[in-house]
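Visitor: I would like a close look at one part of this model. Please take me through a disulfide and the helices around it, then a few other packing details.

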Amino acid sequence: MALLTAFFVITLQVPATVVGPVEPSARSVIEAEIQAATQARESGRLDDAFAAADRAIASARALNPGDPVLLSDALVVRCDAAAGRSEPDISDCLAALDLREAHLTSDDPKLHNLRLQIAVHSVMAGRAAEAQGVIEPAIAGLRRAPQTPALRTDVGMGIAVLGMAQQAQDRRAEAEASYRSAIAELGAADATGRGYRPMVYNYLNALLLNEGRLVEALADSETALALQRESSEPNDPTLIGVLNALAAAQQRAGRFAEAEASLREQLALIDAEQSPQPSLRANALSSLASLYVDTGRSELARPLLEQAVALYHEGGPTGRRTATAALGKLADLDLAQNNPQGAIAYTETAIADLDDAVSGSQGRAALLVQLATALEAADEIDRARLAAADALVLFDRIAPRAPAASGALLILARLDEAEGRATEARERLDRAVTLAKARPLAAPTRITVGNARIGLALSTPGPLSSELEALARETSDGAKDLLVSSARSGQTVGGIRPMARTALLNRIEVEWRSAHSAAVPSGNDTR
């Protein structure tokens, strides 16, 4: 969610409330500066945005009598510009909130909108549950206002922010429903709101890709790009995020040439910005490196990832936290090249760069699983077990139902089985199966977990329980669906084929055993 503050800056649609008489010419000058700052930020000219915002703030503070709400508008526009920096600063937003709470009615839409904007930063800081407690009342407050097209923009963006908070808590189904509701709401909004739909599509598509729903993600990404091009000038920087999302979907669908073209267009737009965030270019380079890995050009990927890490690090602590994904990709390269020690070094560096926020803990848990995998490959079994156990502790604390926790459970189960602790291995795999059921049937995570559980059961003679027979059928059906959907979307199936083969062979053996022996009664399987 590194781009939340960059994309989800709430546009305040309601005219400023005047507190006392203000010279019309003075007000018009300040409002013009606020508008200029907004336009400069949206076109990627952050230096110009800050200059205009500073002028607006100075002029608003010089008014006599003063207008606290107009001053709050000027502070918010500078807060918007600060969201584009490597280290976002929301002090101006907090100062504006104090002014609005003191001078506006409790249900003024301007107050609800600013609370939503601050809630985005709370999600970024890992306080998604806390943010949701602010977001839902703010949306309800906005709905109580007359539903003009401008207010529907605010409501739609509020629902999108709710989806982000839900996704940060791994409440995927709720997040998807919120994103789709936001897109529908924005479709009935004003021109500004309709222009925000591609941004919401970006987050929806990231969720879909994470669940292996490639065809849906690709179709939605193409829709988002078409909508963005309709509402943007050529080479508009607002295309950057949409192109990145489209490239990710194209890559996952095996449309590699199109993905590379999208990424190169994105890089050209970033290079054309007046003061581009280093993280934006780093994101694009990291995505291009990932594409090179998928197309067998790993030798081109490593220098891009190293350059991306260096760019991320220019952003200080926040940049270092963002760099952890690129470090993880470098670790994957080392592991694929039979260099587990290199992978260990990269993952340990990434883990050290994360803070203790919930989002950081989620990232740390995933990196700990990756570290455990590398340690297992290096035959450092005790350290591998400790890393996987630490990951599981984090998942249990922050997202106990997260399907991602199955990675740690798989490693621990594999180590248990190797050391003769079949009961412990079975219990871990049973839990992993339960967690993975939150993913679609064709999700690779769910298939991998199913294969492991059935494989453990087949390691001893005899038929399986009815539950395990059903799991074998579900797993093989999911594998077939994954193969078919991947083939239809044009994706290469080289990495999928071994997993699918295992699922199908497991099902054949399960059914053969069932046909040659009476099935074990339900719930009595101890393998």
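Guide: What follows starts at the disulfide and moves outward to helix packing. Keep in mind that this is a predicted model.

Start with the sulfur atoms. A search of the whole structure finds 1 disulfide. Cys79 and Cys93 form that bond, with their sulfur atoms 2.1 Å apart. The cut-off for calling a pair of cysteine sulfur atoms a disulfide is 2.5 Å. The torsion about the S-S bond of Cys79 and Cys93 is about -110°, so this disulfide is left-handed. The pair links distant parts of the chain, 14 residues apart. Cys79 lies in helix α4, residues 68–82. Cys93 lies in helix α5, residues 91–103.

Are the two cysteines buried or exposed? Buried means under 20% relative accessible area. Cys79 has 1% relative accessibility, so Cys79 counts as buried. Cys93 has a relative accessible area of 0%, so Cys93 is buried too.

Now stay with α4 and look at its packing partner. Helix α3, residues 46–62, packs with α4 at an angle of about 160°. Their axes are 9 Å apart. The two helices are therefore roughly antiparallel to each other. The crossing of α3 and α4 is left-handed. On the α3 side, the contact is made by Leu46, Ala49, Phe50, Ala53, Asp54, Ala56, Ile57, Ala60 and Arg61. On the α4 side, the contributors are Leu71, Ala74, Leu75, Val77, Arg78, Ala81 and Ala82. By class, this contact has 13 nonpolar, no polar and 3 charged residues.

A second helix pair can be set beside it. Helix α12 covers residues 239–252, and helix α13 covers residues 256–272. Their axes come within 8 Å and cross at roughly 160°. α12 and α13 are therefore roughly antiparallel to each other. This crossing is left-handed. From α12, the contact residues include Leu239, Ile240, Leu243 and Asn244. From α13, they include Phe256, Glu258, Ala259 and Ser262. The contact of α12 with α13 divides into 10 nonpolar, 5 polar and 2 charged residues.

Last, a single residue. Ala308 sits in helix α15, residues 298–313. Its relative accessible area is 0%, so Ala308 is buried. Leaving out residues up to four places away in sequence, Ala308 touches Ala282, Leu285 and Ser286. Ala308 and Asn283 are 25 residues apart in sequence. In space, Ala308 and Asn283 are 7.1 Å apart, C-alpha to C-alpha.

Conventions: Residues are numbered from 1 along each chain as its sequence is written. This is a predicted model: local features need pLDDT of at least 70, side-chain atom pairs count only at pLDDT 80 or more; totals for chains, interfaces and linings use all residues. Side-chain values use heavy atoms; hydrogens and water are left out. Axes are lines fitted to C-alpha atoms, for helices over the stretch in contact, and angles run from 0 to 180 degrees between N-to-C directions. Helices (H or I, at least four residues) and strands (E, at least two) are DSSP runs, numbered from the N terminus. Angles under 35 degrees count as roughly parallel, over 145 as roughly antiparallel, 65 to 115 as roughly perpendicular and the rest as oblique. A crossing is left-handed if the near helix is turned anticlockwise from the far one by less than a right angle, and right-handed if clockwise. Contact means heavy atoms within 4.5 Å. Ala, Val, Leu, Ile, Met, Phe, Trp, Tyr, Cys and Pro count as nonpolar, Asp, Glu, Lys and Arg as charged, and the others, Gly among them, as polar. Buried means under 20% relative accessible area, exposed over 50%, partly exposed in between (1.4 Å probe, protein chains only).
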